[in-house]
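User: Hi, could you walk me through this protein slowly? I'm still new to reading structures.

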Amino acid sequence: MNPLCSRCTTCGLYQQATNYVWGQGNEKSRVVFIGEAPGKEEDLRGLPFCGRSGALLDQLFAEIGLKREAVRITNTIRCRPPENRIDDRYVDCCEDFLCQELGLCRPQVIVTLGATASTWLQNRTQCEALGKVATVSRIQGQAYEIMTLLGRMIWIPMYHPAAALRDPARVNDMHNTFQILHDFLCRLGKLPMPV
Ligand code: SF4
């Protein structure tokens, strides 16, 4: 638990949250997954992606030989919003924690899961291939080279696992995007090359 986060009262979401949910996994990992905000299960347990969405993510990790503990998994917002409704205000208030976390990792690859994290990153970076704000459905499933304050990195936007659980076609898209991630990680030496 980040000590600063555990005292944060900036946006008021803390008042209804059971737990602050900080990132999990290797805090120096060069591969970072960013989700949206804690859901019911995450709020209760104080861990990111520990419910049904987390189970899908674990399955996708296993398929490409990636260990959850080897990467960093975090959220854009640290406290559960009422009825899981995201407001840009919460994103703005909470982004210092995310920036702090990314500053520790200095990622080579960022995977954004869903619209909240994808929009956040898109608004704070330069990506010539994308131009103006684009929806997740248009940009997911591809890898983009982006320039950030932390340097050049690869960005792979995907659907949020919760959205995929509501639509099997999106699960297929996530499988395909994980293969793209797998190929990048092989090239970066983060995974063994397939034989
Ligand atoms: S959501 Fe973020 S900014 Fe708002 S109270 Fe929780 S930790 Fe603080």
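What follows is a chat that goes from the overall fold to a few chosen parts.

Analyst: Before we start, please keep in mind that this is a predicted model, in which local features need pLDDT of at least 70 and side-chain atom pairs count only at pLDDT 80 or more, while totals for chains, interfaces and linings use all residues. Residues are numbered from 1 along each chain as its sequence is written.

User: OK, how many helices and strands are there in the protein chain?

Analyst: The protein chain has seven helices and six strands, where helices (H or I, at least four residues) and strands (E, at least two) are DSSP runs numbered from the N terminus. Read along the sequence, they follow the pattern β-β-α-α-β-α-β-α-α-β-β-α-α. The radius of gyration, taken over C-alpha atoms, is 16 Å, close to the 16 Å that the globule rule gives for 195 residues, so the chain is as compact as a globular protein of that length. That rule is 2.2 Å times the number of residues to the power 0.38.

User: In what order do the strands sit in the sheet?

Analyst: The six strands form an open sheet in the order S1-S3-S2-S4-S6-S5, with mixed pairing; two strands pair if DSSP finds at least two bridges between them. Strand S1 (24-25) and strand S5 (144-148) stand at the edges with a single partner strand each, so one side of each is left without a neighbour in the sheet.

User: And which way do S1 and S3 run?

Analyst: S1 and S3 run antiparallel and are joined by two bridges, and Gly25 has Arg72 in S3 as its bridge partner. S2 and S3, in contrast, pair in the parallel sense over four bridges, and Ile34 is partnered by Thr74 in S3. S2 and S4 also pair in the parallel sense over four bridges, with Val32 opposite Ile110 in S4.

User: Are the faces of S3 covered or open?

Analyst: Both faces of strand S3 (residues 72-75) are covered, since Arg72 and Thr74 on one side and Ile73 and Asn75 on the other are all buried. A residue is buried if 20 or more other C-beta atoms lie within 10 Å of its own, exposed if 12 or fewer, and partly exposed in between, with C-beta atoms placed from the backbone.

User: Switching topic, which residues of H2 are buried?

Analyst: Ser53, Gly54, Leu57 and Leu60 are the buried residues of H2. Seen down the axis of H2, they fall within an arc of 120°, so they line one face of the helix; the arc is that of the directions from the helix axis to the C-beta atoms. The face turned away from that buried side carries the exposed residues Ala62 and Glu63.

User: What about Arg52, which lies in H2 too?

Analyst: Arg52 is partly exposed, with 13 other C-beta atoms within 10 Å.

User: Last one: which element gives the most to the largest nonpolar core?

Analyst: H3 gives the most to this core, with seven residues. The core holds 45 residues, and Val32, Phe33, Val109, Ile110, Val111, Trp155 and Ile156 touch the most other members. A nonpolar core is a set of buried Ala, Val, Leu, Ile, Met, Phe, Trp, Tyr and Cys residues joined through C-beta atoms within 7 Å.
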